[in-house]
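Subject: Two-chain model for you to look over

Dear colleague,

I am handing over the structure we spoke about, with the sequence alongside. Please open it first, and then read the notes below with the model in view.

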Amino acid sequence: MHVIHPAPGPLRVVINNYPVHARLLLPDIPENLFTELYARSSFSFLRGASHPEELVSRAAELGYDTIALLDHMGLYGSVRAHFAAKKHGLRALVGATAEFAGSGSPPLSLPLLVENPAGYKNLCHLLTRLHHGENLPHRGTSLKKHCFPVTPFDSSGMVALLTPESLSPLNKNKLLETATCLRDTFGRNNLYITLTRHHRRATERINHHLVDLADHLKIPLLASNAPLFARRHDRLLADAFTCLRHHTSLDEAGILLEENSERHLKSPGQLSTLFEDYPQALLNSQILSERLDFTLDRLDYKFPSYHENGQPLSPGEEGRILRELTFQGGRERYRTISNRIRQQLEHELALIIRLGFSGYFLIVWEIVQFARSQGILCQGRGSAANSAVCYCLGITACDPVGSGLLFERFLSENRRSWPDIDIDFPSGNRREAVIQHVFQKYSPRGAAMTANVISYRPKSAFREMCKVLDFPVATANRFSALFSSMRISETPETVEQDANSLEKILSQSGVPRNHPHFKALLHLYHAVLSFPRHLGQHSGGMIISDGGLDSVVPLQPATMANRTIVQWDKDDCEDLGIVKVDLLGLGMLAAMEDSLRICRQRGKNIDLSRIPYDDPATYDLLCNADTIGTFQVESRAQMATLPVMKPRVFYDLVVEVALIRPGPIVGDLVHPYLNRRNGREAIDYIHPEFRNVLDRTLGVPLFQEQVLRMAMIIAGFNGSEADELRRAMAFKRSDQRMRSISEKLRSRMSQRSIDRHVQKRVVDSVSSFALYGFPESHAISFALIAYASCWLKVHHPAEFFAGLLNNQPMGFYPVASLLHDARRHEIRIRPVSVFYSCCETTVLDDRALRLGLQHLKNLSVSTAIRIVESRSRSQFRNLSDFLQRVRPNKKERRLLAAVGALNDLNDVEHRRDALWKGEQIPDEDLFECAELQEHAPFSGNSNPDSPLPLSPMNDLDRLAIDYSSQDYSTGPHPMAILRREWLRNLSSSKGDSDNHPVNPARHPSFLVRACDFQRITHGQQISCAGLVICRQRPSTANGHCFISLEDETGTANLFVSRSIFDRYRLVITTEDFLLCHGRMQIGEGGSHTLYTIEIEPLPFDLGIAAVSHDFH
Amino acid sequence: MYASFQVPFFPLAVLLRDTLPEDSDPTALVNPAANPSSGKESSHSIPVILAANHAASQHQIIPGLTATRALSRCPQLALLTPDPDAERRHQDDLRQYVSSLGPDFEETAPGIFILDLLALPRSPGFPLDWIEQALRRAAPLRLPLHLALAPTPDLSLLAGGSSVLRYTLSFNPEPLFRITSQPTFHLQHIASRSIASLCSDSYSLKLDRDVLSLWGIKTLGDLAALPRQGLAERLGSEAGRAHDILHGKQHRLLSLYRPPEKFSLYQDLEYPLENLEALLFSLNRGLGTLCSRLKSLHRATSSIKISLTFDDGNQYQHRLSLPEPSCHPSSLLEILQVHLETVHASAPIIRWSLHLTPVLPGETQHNIFGYSPRDSHSLPNTIAQLTALLGPDRLGVPLPLASHYPDSFRMKKPLLPGRNPKPSRETDADPTGSFSPGDPGTALPLSRYRPPLPVHVACNAGTRHPSPLALLNGPCPGPIVALNGPFPLSGNWWSSDKSWQRVEWDIQLADKTLLRLACHSPGSWTLEGSYQ
């Protein structure tokens, strides 16, 4: 038995920074002599239950001056811990818990602390290699090889901790072997045996053994509480994570769970008391923490250099080349370089060279050059469009000098963080080609994508916690369905405000308040929200380093083949000053590239950079809101605004793109702008000094640049403060930054005696941008693409729609809606045919398209290619010939026959004829049968003269099959068929209707069609029916819902108020076709919207499942 | 000639048995969300409408619709889930009813029977008189019933779905009979029925309905009109068989229902028995008979149910579960004897009855190194004796639970050697020196007090966990001279009705006694055990 106050053992002396060995007696150990060196955060996925910031904040509260976060297999949380520690005046030591896989034995879990920059580099290398699976030991290897990578690694600069959790199960013999092996690898002074005390009865036995081991091997002891969470009550979440990690539930987990709540971050005083019988272990934690001299302040990251002929260039050479390329490009862009342009270029170049960014610009230029050389369309966006140098280098497409854009928004000496350049590429394979080019150019391990930390959002949080508490999956499904249509906050800060709504949803999901697990579910749900779930990859952010990126940050393979990611997200990288390039994918660019290619193939060479930006026909299209399929201006809200906005010049389009955004909408800026533009409201500049800044947007701050300039003018913000404001506006992690900067802004304005009313309006403008508003340059870049897409739709509609169809899914509308829109533009759509179709949709002439084989769901690419290749050799003679040469499998054969793709074969009469004939040849006999019949005419039926037993499909059959196999039909619109069938049903039951008078609101003849909306007067009661193509309930709409119904004549817009939505929620969210009753509202610009009062499903079911764009 | 008896939408009809069709609200049956075998919900189970009543079908509630969508179409729709127990009961009633009409019938599916009319006597009014009589006899069941005649069993089922061919019994609320002379069965009468009616469980046909749907084959008439050879060439022999069924060319044999054998015996005694010996003598004869029956069918029994009726009108019933199936009369009698010795009768016995539960005999092949009892028949007897001594549910194998809750275990029913699970190795001492998660933390064995002994403890309440200073009462009161702890333990925090927490201490008293002490809440202490 362990007695209350054991007598300490004999003494030995502390020598400098070297650890104190066992059996030490210290005469006067100061109180609170302890540093926690083995904490794990939420970034030890499914292990730690507190954010790094929480751990650091708690450590500061408890009086620590240093803390080490050793997350599992990574440095994921180190940046956040580092900056949180700086904020609290602590040192956040760096390290990780590396896990070495064993062959046939449990893995070795080894916490590693970084002592110096070399150790950091070695740890990054080691983690990168472990993530890449380089430590897999071979069979029959010795323990030494068993514990560590087969290939030796450099352990210098690292300190290893052998903890009771390093080996599981803990085995005396194995422990001795492992400790010996670790001592030999890391050195006697770089290995510590760690004691923990979590008030478990079994701990003392283990600790006694560990102490004996330390004595035996002369390895120093270290005390730690190995915390997994900051506070005692966080244990609940830790238990839940344990269940998720082991794929079990709390009821089943048993001894996998913590037996008490002692694994929280304890104060140095508590640990000193706990380990007063092992003072040397306490003292060692302090000595070791002082010895560890590395924090992320010493991160050795350098901007990449531009390489020429495989050799890095000096900064001077980089500057010289950048200047040459800039002026060369400038001459191409501007023809003649005016003084104003020259001055701007010189100003920018001077700053770029002074800040050492020349190499970075050249690297981006090289990427753009590569894309161009491969014929890949690309365009820079974001703040890079403010730079004339970027424009001259061909990185961006809008002229910042001509547009009066502020270069300092992109780059300035006062900025504390470095800018990144975003480039849009056509999404899909073409962007992947560029990404792979970058990976190859900087291989091995010189480039990687930034990570994207996937956090628990309400639905995933609820689903996972349901698993933990053993609720049925249906409960989570119901919650997800209900959550989608209800407005509940997603952030932990505000979620409590919605407690009642949440409890209501829980109750409706099948977890009533009196359920024994109700409280636990509610607690865990709230607790886990915003916790990191796993690491994904950023949509396009790439980091490049010519000195080996794996020396800067550990890399790990991404889920996608041939990609690696760093362990930090883009915000972490930005915080550390790591420059990234965003290679983003834009579906519209891919569609436009396809359209241009088809134009070229048809002899029309179009250069998008030379299209006229004053084309009246294009602006007419915009004014008429005929923008389905175009870029950025195709949404319902955009289409509702365009007739009011009536854009006639390019800058109108820039404003249009920026106006319909969450920022301006919530900031209530849309109506003031439109009113002022249409002369219904006087222009107000908020403050006289803002006239120059807000002149172009009629006194309404629409762009980030304007907000920044306003802050500089009215509050005297300098460049650095303006940059802080910019970051706060773009920072989505927390609104803490926003509150802080708003306060600063308000205080500065007060100091300058600015009127309170003006102060409020300025602060409101800033706050609305926190919900995301565009920088002007970004809006211009997007408006360029939007204009080009509209121009293509006006002047080359066939090629435009072909490009769109070939790059689905993308945009706002399903294929069916695009096809109906194409038809409204007098383009005929030919169905898929094995006789004529290519893999992609092709243009037959200016007014006709042939749909491609790729639109058929479940037709393999290889079969589609075989069809096209076989046909290129010689056209198919008949069905037999087709089956022989293409050899589609049974499902594909049925698919092709059912959608009518075989109808053009000369012995096929109709779809069912092809189905009947094509069904007869069994797969295994196909080849032999084909050989036998090669010289004989094919007869699908046993008796060619017998009549075909199957009748042709009717419209309804064709529609159902087309929608199930392609999500669209080239035949009549479903509503046209439905209307006809509905009428037929009514007439067949005429006898009944004679007794019951027909309700006009429910009679197909009286329903108003979409094309008739224009002739309905304001306030008139009408009913309409249609296929739902869009249901939207944006967070900015106070719970109201917007529905777009499509019929054979066009699209009708519906407004459903919150109360009506709540009443008909199930009907709205589950039915494909709706019958709506309400009164017409004619809005500004003549937009006709049905204010819906009653909604019901149609009394006739076509049995088709249509695709709609819902709640996005 | 065959007669089919079908209760339309049997599971729903059972639930709506006492509801008037006209007055009933829209009601639909949805698939059960829970998997009865596991008690857990199937991960992919989405509630789907299985059947709907007339009121619901007026709102386009059709089978296959998801429950959510059905509710959107008819918010007042009542959703019911099947009641298997009620279905079983009514199925038994139906079986009894059909068996009263004729001996040779098939229990095709729940609520569906086919009766072979060949063996029935034909009166001049046959079949109408017989049909009327049959339907009238079904009225007490209060379930709607369709009766149809056809030349083959399968066609009789299909005929039951045809409003032209069937005779019906419905309720409103009084029984309504539709018994008029119907035309002789012809394919055209069932031609408009959906192809789905041929794909139900009753036919065990696997038709490729997707292909048939693509072909536009929606009704039985469409299918029957296809050329048989062409159909079989394309969709295989099953499609050919379906074609044959429709044309009456497939005449299968009924799977005749036969009642299960019962292993019950009773005896009304000529004179009351007053002692056990006489009763055992009588029971021995009964067991001998029942065991002979079991043996003749290669069965054994897993339990014995004994009922005794006393002279004063009281009754005594008891079921004895056997650890291993047996059909040895002597063993069974010994077990009965052990049990009956514990029974005190209030009056002489005038009647006894025995019921044995038939099961397959246990077949355990003992391997050469395996442990087996010397006399496998004596163990059940021993277990019976222990059960009689200790009481029911107090004998078994304690299995420790994987839980931090101290001394948690569950009892597993006693089984014969070879069937007991291997004891958990978690708490076994590992010669290699492993520290397992369930490590007791001390090498000293703990003798647990069951139940723990409540004690009063003087403690120092200044700390988070009150530190004990002395035991004030209990078996060994006195000051605590040394202690180890605290060891806080808690669990089931997620369950409001099962959460627990405690703090344990290992204490040493002045007389060197080592005890385990637990504090459950302030002032509530128990002695958990003593270290040996």
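Of the contacts in chain A with a separation of 6 or more, what share is accounted for by residues 24 or more positions apart? The share is 72%, and in chain B, for contacts between residues at least 6 apart in sequence, 59% join residues at least 24 apart. Please keep in mind throughout that this is a predicted model.

To begin with the chains themselves, chain A has 1112 residues, of which 59% count as buried, and its secondary structure comprises 45 helices and 26 strands. Chain B has 532 residues, with 42% counted as buried, and there the secondary structure comes to 14 helices and 25 strands.

As to confidence, the average pLDDT of chain A is 84, and 88% of its residues score at least 70. Two stretches of that chain call for caution: over residues 21-25 the pLDDT stays under 50, although the model gives this stretch 29 contacts beyond four places in sequence, and over residues 490-495 the pLDDT is again below 50, with 10 contacts in the model beyond near neighbours in sequence.

The interface between the chains

The contact draws on 63 residues from chain A and 58 residues from chain B, and the two chains bury about 5,500 Å² between them, of which 57% lies on carbon and sulfur atoms. Seven salt bridges are counted between chain A and chain B, one of them formed by the side chains of B:Arg69 and A:Glu1071, with an N to O distance of 3.4 Å. Across this interface there are also 21 residue pairs in polar contact, with both residues at pLDDT 80 or more. On the side of chain A that touches chain B, the residues divide into 31 nonpolar, 13 polar and 19 charged.

Two enclosed helices

Helix H39 of chain A, residues 911-918, is largely enclosed by the rest of the structure, because eight of its eight residues are buried. Those buried residues include charged side chains as well as others, among them A:Arg911, A:Arg912, A:Asp913 and A:Lys917, together with A:Trp916 and A:Leu915. Which elements cover them? The cover includes helix H37 (879-886), helix H38 (890-898) and helix H41 (955-966) of chain A, and chain B contributes helix H8 (209-215) and helix H10 (228-235).

In chain B, helix H6 (residues 153-160) is likewise mostly covered, with eight of its eight residues buried; among them are B:Pro153, B:Asp154, B:Leu155 and B:Gly160.

A buried glutamate in chain B

Is B:Glu106 buried or exposed? With a relative accessible area of 5%, B:Glu106 falls under the 20% cut-off and therefore counts as buried. B:Glu106 sits in strand E7 (residues 105-109) of chain B, and its side chain makes a polar contact of 2.7 Å with the side chain of B:Arg252. Leaving aside neighbours within four places in sequence, B:Glu106 is in contact with B:Ile112, B:Phe113 and B:Ile114, and also with B:Arg252, B:Leu253, B:Leu254 and B:Ser255. The C-alpha atom of B:Glu106 is separated by 4.8 Å from that of B:Leu256, a residue 150 residues apart from B:Glu106 along the chain.

Backbone details in chain B

Two peptide bonds that you may wish to look at are cis: the bond joining B:Arg450 and B:Pro451 has an omega of about 0 degrees, and the bond from B:Gly485 to B:Pro486 has an omega near 5 degrees. B:Pro451 is placed in strand E19 (residues 446-455), while B:Pro486 is placed in strand E22 (residues 478-491).

Two residues that are not glycine have a positive phi, namely B:Phe9 at about 45 degrees and B:His298 at about 55 degrees. B:Phe9 lies in the loop between strand E1 (2-6) and helix H1 (10-15), and B:His298 lies in the loop between helix H12 (276-296) and strand E13 (300-310). B:His298 counts as exposed, because its relative accessibility of 62% is over the 50% cut-off.

With best wishes

Key: Residues numbered from 1 in each chain as written. Chains lettered and ligands numbered in written order. Heavy atoms only, no water. Contact = heavy atoms within 4.5 Å. Buried area = accessible area lost by both parts, 1.4 Å probe. Salt bridge = Lys/Arg side-chain N within 4 Å of Asp/Glu carboxyl O. Polar contact = N/O pair within 3.5 Å; in protein donor to acceptor, adjacent residues only side chain to side chain. pLDDT = per-residue confidence, 0-100. Helix = DSSP H or I, 4+ residues; strand = E, 2+ residues; numbered from the N terminus. Buried < 20%, exposed > 50% of the residue type's maximum accessible area, 1.4 Å probe, protein only.
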